Amino acid sequence: MIDLKKIIRDVPNFPKPGILFKDITPLLANAEAFKQVIDSFVERYKNQKLKAIVGVESRGFIFASALAYALNTGVVLIRKNGKLPAETIKQGYSLEYGKDHIEIHKDSILPGDQVLLMDDVLATGGTANASCELIQKMGGKLLEVAFVIELGFLKGRDNLKGKEIFSLLQYA
């Protein structure tokens with residue numbers, strides 16, 4: 001077993017001064033580490049009857065796609081505003097300095113479909129919460145919200161109250 005925390009790179013002052021960014025690109029570049037991450041999620045979800053893994057733009061797509069392939073299920077994309085070509089449903093959310101929207105194709109989740117929401121990092125939980133709201137608006141049944149990394153000090157779980165949450169790696 002690889003100590004995944006030793007592979008994730010700390011980048012100080014990115015994207016702005018005072019932020020210590022957890023960079024997953026070394027983990028993605030390391031085939032054994034990436035496989036270990038996906039295998040951990042496969043083990044957790046292999047006995048669930050999932051219709052799809054819902055990936056959040058953009059790094060969530062990487063993990064959602066690999067996990068969906070391993071579980072033989074579909075992938076649904078949640079993207080930033082204006083990036084999906086067909087009819088969408090939008091959900092707004094607050095950012096540190098304003099507001100933004102995310103979207104999902106209107107026909108990508110049917111009422112009653114059991115799905116897993118997947119993203120790389122749980123920080124403040126704003127995007128994840130908006131994604132959960134989109135799934136609920138469509139009538140999807142959200143099994144869990146899964147993350148590779150959770151930055152506990154940002155208290156993202158507070159924005160996801162009432163949701164089942166799993167994070168592979170936690171940073172207090």
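Okay, let's start with Lys83, which comes out as partly exposed because its relative accessibility is 47%, and exposed would take over 50%. Keep in mind that this is a predicted model. So where does Lys83 sit? Look at the loop between E4 and E5. If we skip the neighbours within four places in sequence, Lys83 is in contact with Glu57 and Glu103. You can also find Ile104, 21 residues away along the chain, with its C-alpha atom 9.5 Å from that of Lys83.

Now the strands around that loop. E4 covers residues 74-80, and it runs antiparallel to E6, residues 98-105, with three bridges joining them. One residue to click on is Lys80, whose bridge partner in E6 is Ile102. E5, residues 88-95, is also antiparallel to E6, and here eight bridges join the two. In E6, Lys99 is the residue standing opposite Ser94.

Next, a residue with another setting. Is Ile53 buried or exposed? Ile53 has 0% relative accessibility, so we call it buried; the cut-off for that word is under 20%. You'll find Ile53 in strand E3, residues 52-56. What does Ile53 touch, leaving out residues up to four places away in sequence? The list includes Ala64, Leu67, Ala68, Leu71, Leu116 and Met118. Val76 is on that list too, and although Val76 is 23 residues from Ile53 along the chain, their C-alpha atoms are separated by 6.2 Å.

Let's move to Asp120, in strand E7. This is a charged residue, but let's check the area: with 4% relative accessible area, Asp120 is buried. Which side chain does the side chain of Asp120 make a polar contact with? That's Arg59, at 2.6 Å. Beyond four places in sequence, Asp120 also touches Ile24, Gly60, Phe63, Phe147, Val148 and Ile149.On to helix H3, residues 31-45. We can do a little sum check here: at 1.5 Å a residue, its 15 residues should span 21 Å, and the end C-alpha atoms are 21 Å apart, so the two agree. At the start of H3, a side-chain oxygen of Asn30 comes to within 3.1 Å of the backbone nitrogen of Glu32. Which residues of H3 are buried? They are Ala33, Gln36, Val37, Ile38, Phe41, Val42 and Tyr45. As a reminder, an α-helix has 3.6 residues a turn, so residues three or four places apart point the same way. The cover over the buried residues of H3 includes helices H1, H2 and H4, along with strands E7, E8 and E9.

Last topic: rings. How many aromatic pairs does a search of the whole structure find? Four. One of them is Phe14 with Phe21: the centres are 5.1 Å apart and the planes are at 80 degrees, so we call this pair edge-to-face. Phe41 and Phe166 also pair edge-to-face, at 5.8 Å centre to centre with 90 degrees between the planes. Phe41 is in helix H3 and Phe166 is in strand E9, so this pair ties together parts 125 residues apart in sequence. Phe41 and Phe166 are both buried. Ring pairs also bring in Tyr45, giving a cluster of Phe41, Tyr45 and Phe166.

And one more ring before I stop: the charged end of Lys5 sits over the ring of Tyr171, 4.6 Å from the ring's centre.

Definitions and conventions
Residues are numbered from 1 along each chain as its sequence is written. This is a predicted model: local features need pLDDT of at least 70, side-chain atom pairs count only at pLDDT 80 or more; totals for chains, interfaces and linings use all residues. Side-chain values use heavy atoms; hydrogens and water are left out. Two strands pair if DSSP finds at least two bridges between them. Helices (H or I, at least four residues) and strands (E, at least two) are DSSP runs, numbered from the N terminus. The expected span of a helix is 1.5 Å times one less than its number of residues. Buried means under 20% relative accessible area, exposed over 50%, partly exposed in between (1.4 Å probe, protein chains only). Contact means heavy atoms within 4.5 Å. A polar contact is a pair of N or O atoms within 3.5 Å; within protein, one must be able to donate a hydrogen and the other to accept it, and residues adjacent in sequence count only if both atoms are side-chain atoms. Rings of Phe, Tyr and Trp (its six-membered ring) pair if their centres lie within 6.5 Å; planes under 30 degrees apart count as stacked, over 60 as edge-to-face and the rest as tilted. A charge sits over a ring if NZ of Lys or CZ of Arg is within 6 Å of the ring centre and within 35 degrees of the ring normal.
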